[in-house]
Amino acid sequence: MKDRSDAGDVLIALRNARPVLDEPSANPESAAALLLLDRVTSMPRGSKPRHRALLAATAVAAVVAGGLIAVSRDAKAPRPPLDVRLVAAASHTGLADTGRAEVTFAMDAGTQTEQRGISKMTFAGNDLEMVTDFAGSRGRPGFQSVNRTVGGQFYLLDGPPERKRWYHDVAASGSQRKDLFSLDPRDLLDMLQPSASFSEQGSRPVDGERMRRLVAGTPGNVPTMNLGLGPNDGSRVTHLSLLVDRRDVVRRIDLRTEWKETRTTGEAFEKRPDGTVRLIPAPSGAPTTIVVHRSEYTARFYDLGAPVMIEAPAGALPVTGKG
């Protein structure tokens, strides 16, 4: 019984003091030690006590040799920047197979063109199904956009509400998913770059698992990208934070952006029923003002590895330029 108690005490201590590896790529021995430590702390309770005790002791020795034992620091002191490239690599691998994602968004919050909604995506590799529900605003009803990318081909459910049907845009390819209302939230992983200076800031429980929270200290260094939910030319990222599971896979991304527009007094924007926006020009010589557009996005990944099958819709009508 003593072996079991000793092993348990060691493993509890290891779990509580599991270090964060800031620059593992510079020290292969340290990286190997951390992998061993991670393996030990995640061993099932049914493992043989002597085997657990031996591996625990080995992990402690390896961690000490690799210089990974965490040194106590003021809890209020800022964490040093970490190499987010490791998280990006693990996330690209962890999200490459099958799963689901949900993106909530608020575009142009507080303006006349404000648009809120929820986009739900099912993915199996490069095959996608995207269902986006846009909330109604300013007395106008909401609407839904549904599309699929299967085998590199783009399909769109379109038409009047009572007569919707599937179309196959033979001129579009899988890259169409980056266009309007077709965001693959996995593309947001491209924002995980060292220039954003990520640091760990606590943790949060998600789906029964405690996940690390990583926050970008310099989000303005993140390059702009097409978020698939509307044009964002000239926008800049003002906030970027992540929730990362124990495999270093991103499970949630919170993003805020803004861009400034010089608007001439008297001009206006009109939103069409399909969600597109038309500019109504102002009279010649009218004064100008600066309008700040702010948008928010939250992408959540779940059901990773779930059995998913996305098929091309039967009877889709071939068209060109429908997407």
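How many aromatic pairs does the count come to? For this predicted model, the count comes to two aromatic pairs. That makes the rings a good place to start.

**Aromatic rings**

One aromatic pair joins Phe134 and Phe143, and their arrangement is stacked. The two ring centres lie 4.6 Å apart, with an angle of 10° between the planes. How is each partner placed, buried or exposed? Phe134 has a relative accessible area of 4%, which is under 20%, so Phe134 counts as buried. Phe143 has a relative accessibility of 22%, so this residue counts as partly exposed. Phe134 and Phe143 also belong to one aromatic cluster together with Phe105.

**Charges over rings**

Elsewhere, arginine residues lie over the faces of aromatic rings. The table lists these contacts.

| Arginine | Ring | Distance from the ring centre |
|---|---|---|
| Arg186 | Phe123 | 4.2 Å |
| Arg300 | Tyr302 | 4.4 Å |

**A hairpin to trace**

Now turn to the backbone. Strand S7 covers residues 198–206, and strand S8 covers residues 209–216. These strands run antiparallel and are joined by seven bridges. Looking for one of these pairings, you can start at Ser199, whose bridge partner in S8 is Val215. S7 and S8 form a hairpin with two residues between the strands. Which residue of this hairpin takes a positive phi? It is Asp207, with a phi near 50°. As you follow the strands, keep one general point in mind: in a regular strand, side chains alternate between the two faces of the sheet.

Note on methods:
Residues are numbered from 1 along each chain as its sequence is written. This is a predicted model: local features need pLDDT of at least 70, side-chain atom pairs count only at pLDDT 80 or more; totals for chains, interfaces and linings use all residues. Side-chain values use heavy atoms; hydrogens and water are left out. Two strands pair if DSSP finds at least two bridges between them. Helices (H or I, at least four residues) and strands (E, at least two) are DSSP runs, numbered from the N terminus. Rings of Phe, Tyr and Trp (its six-membered ring) pair if their centres lie within 6.5 Å; planes under 30 degrees apart count as stacked, over 60 as edge-to-face and the rest as tilted. Buried means under 20% relative accessible area, exposed over 50%, partly exposed in between (1.4 Å probe, protein chains only). A charge sits over a ring if NZ of Lys or CZ of Arg is within 6 Å of the ring centre and within 35 degrees of the ring normal.
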